[in-house]
Amino acid sequence: MPQKHFVVVGAGLGGLATALRLAHRGHRVTVLEKTDQVGGRNREVTVNGCTFDGGPTLMMMLDPFYKLFADVGEQLEDHLEITLCDPNYRVFFADGERLDCTSNMARMIRQIERLSGPDAAAKYPQFIGRLAELYHDSIPNFVRRNYDSPLDLARPGSAAIAARHRMLGNLAKGVARYFDDPRLQMLFCLQTMYLGLSPYQAPYVYAVLVYMEYGEGIWYPKGGMVEICRSVARLAERKGAEIRLNSPVAQIEGNRAILESGEVVVGDAIVCNADLPYAEKNLTPNDPKTQRPSKPLRHSCSAYMMYMDYAGQIPELLHHNIVLGGDFFRNLDQIFNRHEIPDDPAFYSAISSKTDPQKAPQGHENLYVLVPCPNLDHSFTKDDGCELQEKVFRRLQHETSFDPDRVRAMKTYSPNDWSGELNLDKGAAFGLSHDFMQSVCFRPGNRSKANPNLYFVGASTVPGNGLPMVLISAELVEDRLLRDGQA
């Protein structure tokens with residue numbers, strides 16, 4: 001096929017992976033990025049001498065990472081140095097108990113027995129084994145594929161797989177069939193928070209996230225998660241792609257990307273890595289077919305972020321940590337249904353300098369905190385941020401030796417920032433919701449219905465949110481372009 005010119009709008013991981021794949025095929029690729037760095041949500045944040053991953057901090061489900069590099073004739077190990085985090089993370093329960101979650105089966109069984117007794121510990125291997133089966137059935141049959149209509153789900157075998165694993169059942173109820181202890185129920189449900197989805201509203205198929213953590217482990221790339229995007233960007237440029245930073249796109253018309261400066265970049269096709277609902281509302285506003293008045297899209301929750309230069313050490317915290325409140329159900333109900341700041345928020349904290357000392361000056365730690373909170377269906381105010389900060393600091397002081405006076409500097413990021421700086425519709429930090437009717441064939445597709453030259457990649461199109469899914473999204477949009485005769 002003769003060389004074509006593809007314009008990629010947005011240099012998040014999905015856009016970069018798509019650019020790399022197309023450049024590897026010999027096409028001319030131009031990436032237009034609004035901000036001054038690649039990565040999108042997976043960007044770098046600096047506070048004093050500390051550096052942070054701005055968004056995602058967990059590298060798991062390694063297969064799509066290895067596949068991207070292999071598909072372009074490379075090996076991941078030549079571009080990224082990755083280390084297994086063991087334990088995965090430390091969990092702090094409201095009753096004072098702690099659990100060091102690990103992909104080491106024997107150690108995890110001993111900890112479950114100590115926490116919840118021998119019956120729960122005996123069920124754990126069977127639980128993980130069945131989740132492994134769920135994972136290996138669901139990824140190739142439901143995730144790694146393009147859909148043209150809901151009828152695609154009716155192919156032989158799909159219904160039998162879904163029924164065998166109870167994929168459409170409720171996640172929280174499914175976990176409760178194995179474990180009576182509410183702490184273990186929380187432990188093996190909380191992973192959907194990575195998707196901005198309540199486990200009480202999630203289909204059981206998302207239990208695959210538990211297998212990704214406990215069956216395959218959590219990994220860390222030296223230099224931080226941002227190094228994933230940087231390595232993909234470097235490789236794309238080496239294969240001929242052009243990446244233009246500080247180049248915000250104002251509108252997409254046909255096969256033209258119109259920058260805010262007035263410059264027009266013309267391609268044979270455009271792949272949009274901007275948040276899909278934002279793009280439909282703001283970048284293609286003259287295309288009435290892109291509007292969805294009859295079935296409004298449902299968004300994930302948001303996140304309030306704190307990036308702190310902390311003088312000293314907090315020995316009670318590991319690289320990754322999860323702090324759970326006393327009433328998990330109420331916490332999630334307040335975020336997802338009542339759209340209010342939670343009374344006793346669960347939150348995630350990370351100190352990557354414990355694994356990667358270069359991330360903070362000597363004698364300091366880079367303390368990162370992510371607090372799930374409502375998206376902009378709830379008007380987020382400065383007072384809301386102060387309230388969450390106060391609650392997080394108070395809980396950290398209770399659980400650890402954290403001292404607020406040792407916070408030398410801090411940056412925060414609110415739902416308003418997710419919306420204003422990264423163009424995430426409603427400030428939904430995790431993109432569109434992953435309830436069943438916005439999953440598989442029901443999720444917005446990667447080909448525009450109104451513009452035959454426009455395609456989508458990223459967290460809000462198929463298959464969904466999270467770095468592994470975004471890499472699969474790049475696989476799927478490449479497949480779509482090939483099937484459409486575009487690449």
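**Entry 1. Aromatic cluster**

I began with the rings: Y124, F127, Y178, F179, F188 and Y214 are linked into a cluster by ring pairs. I note at once that the model is a predicted one. My search of the whole structure for aromatic pairs gave 19.

I looked up F127 with F179. This aromatic pair is edge-to-face, with 5.1 Å centre to centre and 85° between the planes. What does the pair tie together? F127 belongs to helix 4, while F179 sits in the loop between helix 6 (171-176) and helix 7, so the pair joins parts that are 52 residues apart in sequence.

I then checked accessibility. F127 has a relative accessibility of 1%, so I list F127 as buried. F179 is buried too, with a relative accessible area of 1%.

Next I followed F179 to F188. These two form a tilted aromatic pair, 5.3 Å centre to centre and with 35° between the planes. Are F179 and F188 buried or exposed? Both are buried.

**Entry 2. Helix 8**

Y214 of the ring cluster led me to helix 8, where Y214 is among the buried residues. The helix runs over residues 208-216, and 7 of its 9 residues are buried, so the rest of the structure largely encloses it. I wrote down the buried residues: V208, L209, V210, Y211, M212, E213 and Y214. E213 is one of them.

Which elements do they pack against? I found strand 6 (89-92), strand 7 (98-101), helix 3 (105-116), helix 4 (118-143), helix 7 (182-187) and strand 8 (218-221). Helix 4 is also where F127 lies.

I looked at the end of the helix as well. G217 comes just after helix 8 and takes a positive phi of about 90°.

**Entry 3. Helix 11**

I turned to helix 11, residues 328-336. This helix is mostly covered, with 7 of its 9 residues buried. The buried residues are F328, N331, L332, D333, Q334, I335 and F336. I note D333 among them.

Their packing partners are helix 7 and strand 17. Helix 7 also packs against the buried residues of helix 8.

**Entry 4. Cavity**

I searched the whole structure for cavities of 30 Å³ or more and found 1. How much space lies in the largest cavity? The volume is about 70 Å³.

I listed the lining: F52, D53, T57, Y220, H319, H320, A350, S352, N366 and Y368. Two elements give two or more residues to this lining, strand 4 (50-53) and strand 17 (364-373). Strand 17 came up earlier, as a packing partner of helix 11.

I sorted the lining residues by kind. They divide into 4 nonpolar, 5 polar and 1 charged.

**Entry 5. Cysteines**

How many disulfides does the structure hold? I counted 0. I checked C229: the nearest cysteine sulfur is that of C272, 16 Å away, and C229 is in no disulfide. For a pair to count, the sulfur atoms must be within 2.5 Å.

I looked up how covered the cysteines are. C229 has 0% relative accessibility, so C229 is buried. C441 is at 14%, and therefore also counts as buried; the cut-off is under 20%. C272 has a relative accessible area of 0% and is buried.

I stayed with C272, which lies in strand 13 (residues 269-272). Leaving out residues up to four places away in sequence, C272 touches V9, I252, A279, L283, L454, Y455, F456 and V457. I singled out L454. C272 and L454 are 182 residues apart in sequence, yet their C-alpha atoms are 7.2 Å apart in space.

**Entry 6. L80**

Where is L80 placed? I found L80 in the loop between helix 2 (63-71) and strand 5 (82-85). Its relative accessibility is 5%, so L80 counts as buried despite the loop position.

I listed the contacts of L80, again leaving out residues up to four places away in sequence. They are F69, P221, E227, I228 and S231. I picked I228 for a distance check. L80 and I228 are 148 residues apart in sequence and 7.2 Å apart in space, C-alpha to C-alpha.

Definitions and conventions
Residues numbered from 1 in each chain as written. Predicted model: local features only at pLDDT ≥ 70, side-chain atom pairs only at ≥ 80, totals over all residues. Heavy atoms only, no water. Buried < 20%, exposed > 50% of the residue type's maximum accessible area, 1.4 Å probe, protein only. 1 Å grid on protein atoms, 1.4 Å probe; cavity = no way out; pocket = protein on both sides within 12 Å on 5 of 7 lines; lining within 4 Å. Points joined across faces, edges and corners; volume = space filled by probe spheres on them. Helix = DSSP H or I, 4+ residues; strand = E, 2+ residues; numbered from the N terminus. Nonpolar A, V, L, I, M, F, W, Y, C, P; charged D, E, K, R; others polar. Contact = heavy atoms within 4.5 Å. Phe/Tyr/Trp six-rings, centres within 6.5 Å; stacked < 30°, edge-to-face > 60°.
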